[in-house]
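Got your viewer open? Let's take a walk through this one, stop by stop.

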Amino acid sequence: MSLRCADGEPVSELYICATLSTVLAAGFITDLIGIHALFGAFVVGVLVPKDGPLAGALVEKVEDLVSGLFLPLYFVSSGLKTDITTIKGAQSWGLLVLVVVTACFGKIIGTISVALLCKMPFRESLALGFLMNTKGLVELIVLNIGKDRKVLNEQTFAILVLMAIITTFITTPIVMAVYKPAKKQSKSDYTNRTIERQDTNSELRILACFHSVTNIPSILNLIEVSRGTEGKEARGRRLCVYAMHLMELTERSSAIVMVHRARKNGLPFWNKGGKSDSDQIVVAFEAFQQLSRVSIRPMTAISPFSNMHEDVCNSAERKRAAIIILPFHKHQRFDGSLETTRADFRWVNQKVLEQPPCSVGILVDRGLGGGSHICASNVSSTITVFFFGGRDDREALAYGRRMAEHPGITLNVVRFLPSSDIGVESTVVDIDQTILTEFKEKKTEDESVRYEERAVGKGSEAVEVIKEFSRCHLILVGQAPEGPVFESLHLKINAEFSELGPVGGLLTSPELSTAASVLVVQQFRGPLVPSPSTSTAMVLPEDVE
């Protein structure tokens, strides 16, 4: 039946009913011959192939009913059978303590010993020992079988049930207290935390995150334009991309299956088995890696939304990434408007912006590259950088300079200056002036780069300039512009797009109609320095635990 189910097509209801009927028949037969009905159903579960659409359809059909109704009812029935009042006197309570200590000693000490022999750190060995010590459904089933067969009396059954509860309840607090993963790499090795750097020929590492298959074309096209120069000039300017698939981990049993598949053979969703070629994600990244000289290393972050941002930041620090690319929590509809994909992803983006280990970019995708990957020879895109001043704008300019080295990219840099009628001195921060002077000197050698200065006196004039230059494929802006020019414009931050900053929020708002994708960049600010436009008091999603 599994072989007859084709990928991408619905599984026949006949196969689902036949499999479930086989489960019931196997349970009935094993119960008839004196073995618990569970083992017959277990054998059928072993026989069903774990890969393919049939297994996925079975889990989808059965798991909500089983985990939401049958499993709680079974726990309730086991609790009603447990009579704690039978544990009387010091001898009985001493027996309970002895059983708990013996159960914990065997599992914990045994696991720690083997883990230490395998040269695992002591803290990780201790955490693994307590995790192995948990008791679950199988133990409870065995105890119920023993009670039904009169092997266990009421007192022994109550002691063993309490032992299972105690050993399971102590696991979470002890593991959280003991297991604190240490950052193995030295922070001295992690120097290039921004795209703006002294040595522009050093390797650029990007952590590109995506939520689903729909994000992949725009991510690949962004990686393509980030490659820079080709040929002899490209030596030393290697681009390394870590593609991280952000997946939610829930308490559903299918989530555990998802984790198992992601970790198969130790390679997160990059399984080299024969059936992995059907995965669209794998095919897309493998093809791009073969067609380009970019090194792409796939990763999968499977975690609840409450700590997904920690996985992103920790991965960026472990891989020494210079910038994290996050997809915006809204996607473009057919009519051009933006529709919320899932509000939880906005919360993740905000938390990453608060304490990032490197620079961060949020990509508002409006079909960058037309929804499909464009090969290097066919790339012909116009990129615009709006420069007001400040570190974030310098980071956006540095990224734009790297993109402009691609032979198919035209870069427009628009610098905003204060007009003479607003009474603001035309002063620029020294470092901004130095970067702009260096940029203009290199611009004369490259015809694909255009630089223009515009004087603005109020916010409406700045908006008109932005509209004028917004007819392009990609716009790079800083998340928090600085300097007297920007302060004189009094641009307000849109509360709906606060993580994008004032300029990014303006480019994303319905008031400014543009077909260009927007990449909002925040430069690494150092440790314990929160973003000026994001609040540290976030409301946690309701379904994170």
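Here is a tour of what to select and what you'll find there.

**Whole chain.** Keep in mind that this is a predicted model. Start with everything in cartoon view: the protein chain has 18 helices and 12 strands. Of its 545 residues, 47% count as buried. Switch on the surface, and you're looking at about 28400 Å² of accessible area, with 59% of that belonging to carbon and sulfur atoms. Among contacts with a separation of 6 or more, 79% link residues 24 or more positions apart.

**Transmembrane annotations.** Now select residues 20–47, 95–118 and 157–179, which an unreviewed UniProt entry labels "transmembrane region". Take 157–179: this span is 91% helix and 0% strand, and its end C-alpha atoms sit 33 Å apart. Then try 20–47, which is 86% helix and 0% strand, with 13 Å between its end C-alpha atoms.

**The largest nonpolar core.** Next, pick Leu-207, Val-312, Ile-324, Phe-386, Phe-416 and Leu-507. These have the most contacts inside the largest nonpolar core, a set of 53 residues. Helix 13 (residues 343–354) gives this core its largest share, five residues. A second core lies apart from it, with 46 residues, including Leu-363, Phe-387, Ile-409 and Phe-439.

Zoom in on Leu-207. Which residues does Leu-207 touch, beyond those up to four places away in sequence? Among them are Tyr-242, Met-244, Met-299, Val-312 and Ile-324.

**Ser-226.** Move on to the loop between helix 9 (216–225) and strand 2 (239–248), where you'll find Ser-226. Is Ser-226 buried or exposed? At 0% relative accessibility, Ser-226 counts as buried. Leaving out neighbours within four places in sequence, show its contacts: Ile-206, Leu-239, Tyr-399, Arg-402 and Met-403. Ile-206 is 20 residues from Ser-226 along the chain, and 9.6 Å separates their C-alpha atoms.

**The cysteines.** Last stop: color the cysteine sulfurs. How many disulfides does a search of the whole structure find? Zero. Select Cys-313 and Cys-358 to see one case. The sulfur of Cys-358 is the closest cysteine sulfur to that of Cys-313, yet the gap is 7.9 Å, so the two are too far apart for a bond. The cut-off for a disulfide is within 2.5 Å. Cys-313 counts as buried, at 10% relative accessibility. Finish at Cys-17, which is partly exposed with a relative accessible area of 46%.

Definitions and conventions: Residues are numbered from 1 along each chain as its sequence is written. This is a predicted model: local features need pLDDT of at least 70, side-chain atom pairs count only at pLDDT 80 or more; totals for chains, interfaces and linings use all residues. Side-chain values use heavy atoms; hydrogens and water are left out. Buried means under 20% relative accessible area, exposed over 50%, partly exposed in between (1.4 Å probe, protein chains only). Helices (H or I, at least four residues) and strands (E, at least two) are DSSP runs, numbered from the N terminus. Contact means heavy atoms within 4.5 Å. UniProt positions are given in the numbering used here, feature names are shortened, and annotations may be inferred rather than shown by experiment. Accessible areas come from the Shrake-Rupley method with a 1.4 Å probe; for residues, only the protein chains shown count as cover. A nonpolar core is a set of buried Ala, Val, Leu, Ile, Met, Phe, Trp, Tyr and Cys residues joined through side-chain atoms within 4.5 Å.
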